Amino acid sequence: MRTFANSYLTAAAILLPAALLLAADVDTKFHNAPASAQATKNPYEGQDAAVQAGKRLYARNCLSCHGRVGKGTGNVPSLVNGKLDSVKPGEVFWFITRGDKDNGMPSWATLPAKQRWQLVTYVKSMGAANPAQEASTPAPADMRTSKFKAPPPTPPFTDFRYEKPGTVHKITVKDLPQPYATQSADNGPDLVARPENAWPVAPAGFKVELYAAGLDNPRTLRTAPNGDIFLTESDPGRIRVFRGLTSDGKPEQSAIFASGLKQPYGLAFYPPGPDPRWLYVGNTNEVVRFPYHNGDLKASAAPEHIADLPSGSGHWTRALAFSEDGKKMFVAVGSGSNVDDPDTHPREKDRADILVCDPANCKLSVYAYGIRNAGGGIEVSPQTGELWCSVNERDALGDNLVPDYITHVEEGGFYGWPWWYIGAHQDPRHQGKHPELRDKAIVPDVLLQPHNASLEFTFYEGQQFPAEFKGDIFASEHGSWNKAVRVGYEVIRVPLHQSGHASGEYEDFLTGFVLPDGNVWGRPVGVTVAPDGSLLVSDDGSNSVWRVSHTGK
Ligand code: HEC
């Protein structure tokens, strides 16, 4: 394998060590809280009245970003994943007080100290709450209803009110506003149960059916060479398999392939082709593989460790893909924060990259960098053999910055994060840094709505959809929190015009996951093409998988 010193210019080589990925949890200190913070005691420790008061304060001040049960979304971290268990109450108090504006966490110094301690007491108690309440608890009256009297968006930017199957969007570099043209919004989805009359909406001629329901945090979907459908359920750490299709569009069989994994996300069969021997899995902290033969519904052996991955904060999903010749394994590792400088923040070491290794002897190195988070989806184009990625760009610069994107990936390419964005635009939070990288920052192929949270995608190689869809990309947009009126919460189509290359436009394909009042019931994550050519879409809002087929009617 080439070393970085001779494959890239020196500036990049300094940033990107050739040998990497040793320690998994770099973040030993909690946001660099001072020792005095550790020593400060919570005067309300364990008091039920403080938990109750904290719960009310949480609903008013924190829920919109961290979510009803504290699971977070995008780069808003989970407060219930166990990380806070080992953090002292005084450190949480210190962090809530100070906040971290550039990373999207407000300072709460204006709340009286008593209320901040009540919040700490509640947050520390949250892990024990029952997550099953999430969808069944009725949402409070929408505090932001006035937003829906907001004026229509200025094209090419849009919001959920104007997303409609078939609507074409195209954002170009000249459309980008100045940073901070609008305030950084605080508008996460408050999930509600799907009302009976709500259903995903596809273009005319397509039918949408509920393929599977009652899942737990369904994320990526992969179609095995024999036609079985693999699904990760990331929170419970499982991989599920579906087989067959009933006349009403449901799987005939469902089985658990493996469990006990740590936030599994990426799935890839190896070697590529009709007869794989292994299923590779991207856990949040490592790549593992299971022996696999066509037809297996259950792993025949324990997972084998392939490579450690940096983890411990921020973006946790790890997407996986193999080159067509099977000689490269790609792994996407998103940033640990919104915009922390890796030069000075240990938690960003070897992150915001797409990594590569030889699967026969995996020693990871950097394939492309400055990619804030491609952990939602990477995929090799069946037409050109190029690697493509779907990327979550950064928050806290206003409603219409920075566009998420889908692009083919250049080997050794630099995509800007955190100093630059969408080509030669400097992030104001890093003014004056790394001028030598300015002209290296690549403008991606397809700019998506900022804050869309673009996740998994697939190239449509099925036989069922009309011929003009052949080879096109279908991508899940999980939906915004950092935009005043929501955007995303849909599946999009990126037309490649039978050329394997994008022209910059994309089109709304599957919408309807946001209700007219702004409440959200569904959030697309995974997408794959079933053997009969229908499109399957996982949705971790309603915990289901949808099946979109073309009927022509
Ligand atoms: C506008 C969105 C937003 C709101 C509102 C918000 N947070 Fe945050 N919070 C964030 C983001 C983004 C981070 C990650 C910051 C970072 O990585 O430095 C964060 C981080 C945290 C953390 C650290 C978690 C960790 O694992 O590192 C705690 C604790 C926290 N928030 C508590 C709260 C509380 C309590 C409230 C309400 C008083 C609140 N937050 C309101 C966005 C928000």
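Pro418 sits in the loop between β17 (403-408) and β18 (420-421). The peptide bond leading into this proline, from Trp417 to Pro418, is cis, with omega near -5°. Keep in mind that this is a predicted model. There is another bond of this kind to look at: the one from Tyr270 to Pro271 is cis too, with omega near -10°. Pro271 is found in the loop between β7 (266-270) and β8 (278-282).

Some other loop residues are worth a stop for their backbone angles. Tyr180 isn't a glycine, yet its phi is positive, at about 60°. You'll find Tyr180 in the loop between β1 (168-170) and β2 (206-212). Asp350 also has a positive phi of about 60° without being a glycine, and its home is the loop between β12 (329-333) and β13 (353-358). Are these residues buried or exposed, or something in between? Tyr180 counts as partly exposed because its relative accessibility is 42%, while Asp350 counts as buried because its value is 10%.

**The overall layout**

Zooming out, the chain is divided into domain 1 (34-131) and domain 2 (160-550). Taken over C-alpha atoms, the centres of domain 1 and domain 2 are 30 Å apart. The domains do touch each other: 15 residues of domain 1 are in contact with 21 residues of domain 2.

**Around the ligand**

Now for the ligand. How many residues surround it? There are 25, and the closest are His31, Cys62, Cys65, His66 and Met105. Sorted by class, this shell has 15 nonpolar, six polar and four charged residues. Domain 1 and domain 2 each put at least three residues into the shell. As for helices, α5 (63-66), α6 and α7 each supply at least two shell residues, and α6 gives the most, with three.

Some side chains bring a polar atom up to an oxygen atom of the ligand, as listed here.

| Residue with the polar side-chain atom | Distance to a ligand oxygen atom |
|---|---|
| His31 | 2.6 Å |
| Lys83 | 3.1 Å |
| Asp100 | 2.9 Å |

His66, one of the closest residues to the ligand, lies in helix α5. His66 is buried because its relative accessible area is 11%, below the 20% cut-off for that label. Leaving out residues up to four places away in sequence, His66 touches Tyr58, Lys71, Gly72, Val76, Pro77, Leu79 and Met105. Met105 is itself among the residues closest to the ligand.

**Helices α6 and α7**

Let's go back to α6, the helix that gives the most to the ligand shell. Eight of its 10 residues are buried, so α6 is largely enclosed by the rest of the structure. Which residues of α6 are buried? They are Pro89, Gly90, Glu91, Val92, Phe93, Phe95, Ile96 and Thr97. These buried residues pack against α3 (35-39) and α7. Right after α6 comes Gly99, with a positive phi near 65°.

Helix α7 makes a neat check on helix geometry. It runs over residues 113-125, and at 1.5 Å a residue its 13 residues should span 18 Å. The C-alpha atoms at its ends are 18 Å apart, so the model agrees with that expectation. The buried residues of α7 are Arg116, Trp117, Gln118, Leu119, Val120, Thr121, Tyr122 and Val123. Among the elements covering them are α4 (48-61) and α6 (89-98).

**A buried glutamate**

One last stop is Glu456, in strand β21 (residues 454-459). Glu456 is buried, because its relative accessible area is 4%. What does its side chain pair with? A polar atom of the Glu456 side chain lies 2.9 Å from the backbone nitrogen of Val527. Val527 is also in the list of contacts of Glu456, which leaves aside neighbours within four places in sequence and includes Thr220, Leu221, Arg222, Tyr265, Phe474, Ala475, Ser476, Val525 and Gly526. Gly376 and Gly377 are in contact with Glu456 as well. Gly376 is 80 residues from Glu456 along the chain, yet their C-alpha atoms are separated by 5.3 Å.

Methods
Residues numbered from 1 in each chain as written. Predicted model: local features only at pLDDT ≥ 70, side-chain atom pairs only at ≥ 80, totals over all residues. Heavy atoms only, no water. Helix = DSSP H or I, 4+ residues; strand = E, 2+ residues; numbered from the N terminus. Expected span 1.5 Å × (residues − 1). Buried < 20%, exposed > 50% of the residue type's maximum accessible area, 1.4 Å probe, protein only. Contact = heavy atoms within 4.5 Å. Near = heavy atom within 4 Å. Polar contact = N/O pair within 3.5 Å; in protein donor to acceptor, adjacent residues only side chain to side chain. Nonpolar A, V, L, I, M, F, W, Y, C, P; charged D, E, K, R; others polar. Domains from an automatic or database assignment.
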